[in-house]
Amino acid sequence: MNKQRLTVVSCLFFTVAWATMPWFDSSARAQADSFYKGKTIKIVVGSTPGNFYDAWARLIARHWGKYIPGNPEVIVQNMPGAGSLTATNFVYSVAKPDGLSVVLPNNSIYIEQLVERKEVQFDLRKFHWIGSASQDSILFYMRADTPFKSIADIVKAKQPPSCGGSGTTSSDYLVAKILELTLGAKINSVLGYPGGTEADLAVEKGEIVCRAHTLAAHYGREPFISWHKKGFDRHLLQTGRKRDPRAAEAPTIYEVLDEFKIPKQNRRIVQAVLSGGEFGRPIMAPPGTPPDRVKTLREALVKVLKDPELLAEATKAKMDVEYSSGEELESLVKEVLDQPPEVVEQVRKFLMK
């Protein structure tokens with residue numbers, strides 16, 4: 001009997017020891033490596049082609065495959081709708097969790113879950129966050145031919161300006177509601193544009209007069225390069241902790257809050273709603289994706305964001321690379337979703353329709 005026990009214990013010890021040896025991990029990795037050979041990875045983007053989220057997805061897609069063992073093809077699928085709610089729901093609930101489907105949503109998508117919108121079919125805490133290529137603040141711009149030269153002018157206005165956006169988690173809508181909540185500024189939010197490109201075109205046509213979007217997008221592409229040469233737009237606000245030198249004339253939201261002496265409780269709501277810039281351009285894989293494939297995608301993202309060809313393209317397109325790891329983003333989403341009930345209720349009050 002003792003001999004049998006000794007044999008069993010010896011076998012168990014050998015099994016555990018073998019499994020913890022380097023070659024065991026290598027075997028698991030080899031399976032992940034062989035899996036991607038001849039396959040295609042799809043990046044589902046929650047915006048229209050030409051949008052800055054789309055530009056980031058396509059930049060990564062052009063180079064990501066060469067850093068993933070097996071060298072799979074990487075393609076982009078645009079799935080616009082409701083501020084990327086459609087794309088996020090799809091990847092979470094419909095896409096197969098095999099490591100071949102990831103989503104790059106609006107960086108404020110967490111707001112939908114925070115306010116418990118009924119259309120949400122996902123839990124961001126259960127996604128596998130792969131990482132983000134950049135971080136970015138929001139810039140609120142206005143046509144220069146309007147009478148609004150500052151946020152104070154909007155607060156005092158009898159006729160509110162009309163600003164455009166895609167949905168209730170778009171930067172435009174969030175900034176408008178934050179200004180209403182904290183300062184009492186009235187903005188007429190015109191929603192339903194498929195993406196930022198269409199909203200910017202509406203500004204050019206005079207359908208709307210203002211919009212909010214990322215600083216990188218505003219200084220990285222047309223029509224804004226031409227706008228700045230013609231003095232077409234005016235910059236009223238930015239959401240970073242400090243002024244971005246590209247828009248040094250625009251005060252930060254926190255400077256404006258100081259100017260109007262806004263209480264601490266409302267400042268916490270501002271932080272909860274405007275954390276999107278810290279998420280940047282997040283890439284997520286659906287729950288259930290095998291851990292070895294999540295690890296492979298994360299490691300490949302780190303490498304591709306150091307790729308000389310990608311960096312040269314990014315520099316030319318004025319796209320600043322500022323990497324955030326999947327682990328950092330997973331911690332951040334748990335933090336921003338863990339708000340006191342009174343804060344959630346205030347956010348819901350202003351964002352829910």
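**Exercise 1. A loop serine**

Is Ser84 buried or exposed, and what is its relative accessible area? Describe its backbone and its place in the chain as well.

*Solution.* The model examined here and in the exercises below is a predicted one. Begin with the location: Ser84 belongs to the loop that lies between strand 2 and helix 4 (85-93). Next take the backbone, where Ser84 has a positive phi of about 80 degrees although it is not a glycine. Most residues other than glycine have a negative phi. Finally, the relative accessible area of Ser84 is 0%, and since buried means under 20%, Ser84 is buried.

**Exercise 2. Two further backbone features**

Determine in which loop Lys318 lies and how its accessibility is classed, and then locate the cis peptide bond that leads to Pro223.

*Solution.* Lys318 is placed in the loop between helix 15 (308-316) and strand 11 (324-325), and its phi, near 60 degrees, is positive in a residue other than glycine. Its relative accessibility is 45%, and because this falls between the limits of 20% and 50%, Lys318 counts as partly exposed. Turning to the peptide bond from Glu222 to Pro223, one finds that it is cis, with omega near 10 degrees; Pro223 itself is found in the loop between helix 9 (215-220) and helix 10 (224-230).

**Exercise 3. Strand 1 and its partners**

Work out which strands pair with strand 1, in what sense, and over how many bridges.

*Solution.* Start with strand 2 (residues 73-78), which pairs with strand 1 (residues 40-45) in the parallel sense over 6 bridges. Along this pairing, Thr40 stands opposite Glu73, and Ile43 stands opposite Val76. Continue with strand 3 (residues 101-104), which runs parallel to strand 1 and is joined to it by 4 bridges; here Ser101 is the bridge partner of Lys42. To complete the picture, add the connection: strand 1, helix 3 (residues 52-64) and strand 2 together make a right-handed β-α-β unit.

**Exercise 4. Aromatic rings and charges**

Classify the ring pair of Trp227 and Phe232, and identify the rings over which Arg281 and Arg293 lie.

*Solution.* The count of aromatic pairs comes to 8. For Trp227 and Phe232 the ring centres are 4.6 Å apart and the planes stand at 45 degrees, so this pair is tilted. Both Trp227 and Phe232 are buried, and with Tyr141 and Phe224 they form one aromatic cluster. As for the charges, the charged end of Arg281 sits over the ring of Tyr53, 4.5 Å from its centre, while Arg293 lies over the face of Phe35, at 3.6 Å from the ring centre.

**Exercise 5. Burial in two helices**

Establish which residues of helix 12 are buried and how they are arranged around its axis, then describe the surroundings of Arg298.

*Solution.* In helix 12 (residues 264-273) the buried residues include Asn266, Ile269, Val270, Ala272 and Val273. These residues cover an arc of only 165 degrees around the axis, and therefore they are on the same side of helix 12. Arg298, in turn, lies in helix 14 (residues 291-304) and counts as buried because its relative accessibility is 15%. When its neighbours within four places in sequence are left aside, Arg298 is in contact with Trp129, Ile130, Gly326, Glu327 and Glu330.

Key
Residues numbered from 1 in each chain as written. Predicted model: local features only at pLDDT ≥ 70, side-chain atom pairs only at ≥ 80, totals over all residues. Heavy atoms only, no water. Pairing = 2+ DSSP bridges. Helix = DSSP H or I, 4+ residues; strand = E, 2+ residues; numbered from the N terminus. Right-handed = clockwise from strand over helix to strand, strands pointing away. Buried < 20%, exposed > 50% of the residue type's maximum accessible area, 1.4 Å probe, protein only. Contact = heavy atoms within 4.5 Å. Phe/Tyr/Trp six-rings, centres within 6.5 Å; stacked < 30°, edge-to-face > 60°. Lys NZ or Arg CZ within 6 Å of the ring centre and 35° of its normal. Arc of directions from axis to C-beta.
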